[in-house]
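I opened this notebook to keep track of what I looked up, one topic per entry. The structure goes in here before the notes begin.

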Amino acid sequence: MPEPPSDRTTVKRKPQRAAYDRATIDTILDEGLICHVGFTIDGQTFVLPMIHVRVGDKVYLHGSPASRTLQALAQGAEACLAVTLLDGLVLARSALHHSMNYRSAVLFGRAAVVDDPVEKATALQTLTEHLIPGRWADVRGPTDRELRQTQVLSVPIHEASAKVRTGPPLDDEGDYELGARAGVIPLRLAAGSPISDPRLKAGVQAPQYAVDYSGPRSVPPLEGG
Ligand SMILES: Cc1cc2nc3c(=O)[nH]c(=O)nc-3n(C[C@H](O)[C@H](O)[C@H](O)COP(=O)(O)OP(=O)(O)OC[C@H]3O[C@@H](n4cnc5c(N)ncnc54)[C@H](O)[C@@H]3O)c2cc1C
């Protein structure tokens, strides 16, 4: 089993829930639609939600070059990215043993500005496909001007950890005889039926990948410790 890559990525509370293998970390990064990006400017820490996508050994972020977040990261601020997938509410027999089933990944690193046009275009294409597979081929691609106006950053997946909780509640032994109902309420991100843009050109049908879209997640594990 892979070891934690650094002291700051080592899960100390409930280390049995930790994973440091890339397959686990990559699955969480790939299923998450957003990450939270933490960084510090002049002693003030910010944590902001952003769209991300993983391509190989890097996570890509994008946005306006005017974004304070992207500027700080481009200038070398230490970043911490967190992706959280919520899999269930864990209802225990005692109030304080209630919990959640989750899969989360935390990644430390410094971002690099992506200037290479091929890498930039690949990142933006993969990002669009990450949101909804099949979309890129259906829409107008970015112009050179749009590409210039879009900042793309990459963060290497060198220092990363995952933490995963699965399974039923863990009650105190003496509480298993209590009458309170206990167990797990599974949670999933649900997609509704596509809603057409009011300015949609007449006759344009929703593509099948939009009609069939059922969320970014595969079935999470339900068993385990
Ligand atoms: C689901 C989601 C996905 C997003 N994806 C992207 C993305 O891929 N790229 C991108 O550039 N931006 C994205 N955003 C917007 C992003 O969170 C920032 O608002 C934006 O990047 C501007 O960043 P800034 O550093 O210039 O913020 P500033 O405007 O400088 O922030 C100033 C202050 O405004 C408040 N603030 C800023 N953003 C938020 C927020 N989202 N929610 C609540 N308060 C806020 C905070 O107090 C912050 O300190 C996303 C937002 C959401 C909710």
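Entry 1, surface. I began with the term: accessible areas come from the Shrake-Rupley method with a 1.4 Å probe. On that basis I read off about 13,300 Å² of accessible surface for the protein. Carbon and sulfur atoms hold 56% of that surface. I also note here that the model is a predicted one.

Entry 2, overall make-up. I looked up the extent of the C-alpha trace, and along its principal axes it spans about 65 × 50 × 35 Å. I found five helices and eleven strands in the protein. Of the 225 residues, 35% are buried. I then took the contacts with a separation of 6 or more, and 73% of them join residues 24 or more positions apart.

Entry 3, charge. I have 24 positive and 26 negative side chains written down for the protein. The centres of these two sets lie 5 Å apart.

Entry 4, cores. Which residues have the most contacts inside the largest nonpolar core? I found V37, L73 and L81 in that role, in a core of 27 residues. Strand 6, residues 78–91, supplies the largest share of this core with four residues. Apart from this core I noted another one, of eight residues, and V53, Y60, L127 and V152 are among them.

I followed L73 further and left aside its neighbours within four places in sequence. L73 is then in contact with V37, F39, L61, A79, A111 and L153.

Entry 5, a sheet. I traced an open sheet of four strands in the order 4-5-9-8, with antiparallel pairing. Its edge strands are strand 4 and strand 8 (112–113), each of which pairs on one side only.

I took the pairs in turn. Strand 4 (residues 53–55) pairs with strand 5 (residues 58–63) over three bridges, in the antiparallel sense. Within this pair, R54 stands opposite V59 of strand 5. Strands 4 and 5 form a hairpin, with two residues between them. In the turn I found G56 with a positive phi of about 60°.

Strand 5 also pairs with strand 9 (residues 151–156), again in the antiparallel sense, over six bridges. I looked up the partner of K58 there and found P156 in strand 9.

Entry 6, positive phi outside glycine. For background, most residues other than glycine have a negative phi. I therefore noted K14, whose phi is positive at about 50° although K14 is not a glycine. K14 sits in the segment before strand 1 (18–19). Is K14 buried, partly exposed or exposed? K14 counts as partly exposed because its relative accessibility is 33%, and partly exposed covers values between the 20% and 50% limits.

I noted D42 as well, a residue other than glycine with a positive phi near 50°. D42 is found in the loop between strand 2 (34–41) and strand 3 (44–51). D42 counts as exposed because its relative accessibility is 81%, and exposed means over 50%.

How values were computed: Residues are numbered from 1 along each chain as its sequence is written. This is a predicted model: local features need pLDDT of at least 70, side-chain atom pairs count only at pLDDT 80 or more; totals for chains, interfaces and linings use all residues. Side-chain values use heavy atoms; hydrogens and water are left out. A nonpolar core is a set of buried Ala, Val, Leu, Ile, Met, Phe, Trp, Tyr and Cys residues joined through side-chain atoms within 4.5 Å. Buried means under 20% relative accessible area, exposed over 50%, partly exposed in between (1.4 Å probe, protein chains only). Contact means heavy atoms within 4.5 Å. Lys and Arg count as positive and Asp and Glu as negative; His and the chain ends are not counted. The place of a charge is taken as NZ of Lys, CZ of Arg, CG of Asp or CD of Glu. Two strands pair if DSSP finds at least two bridges between them.
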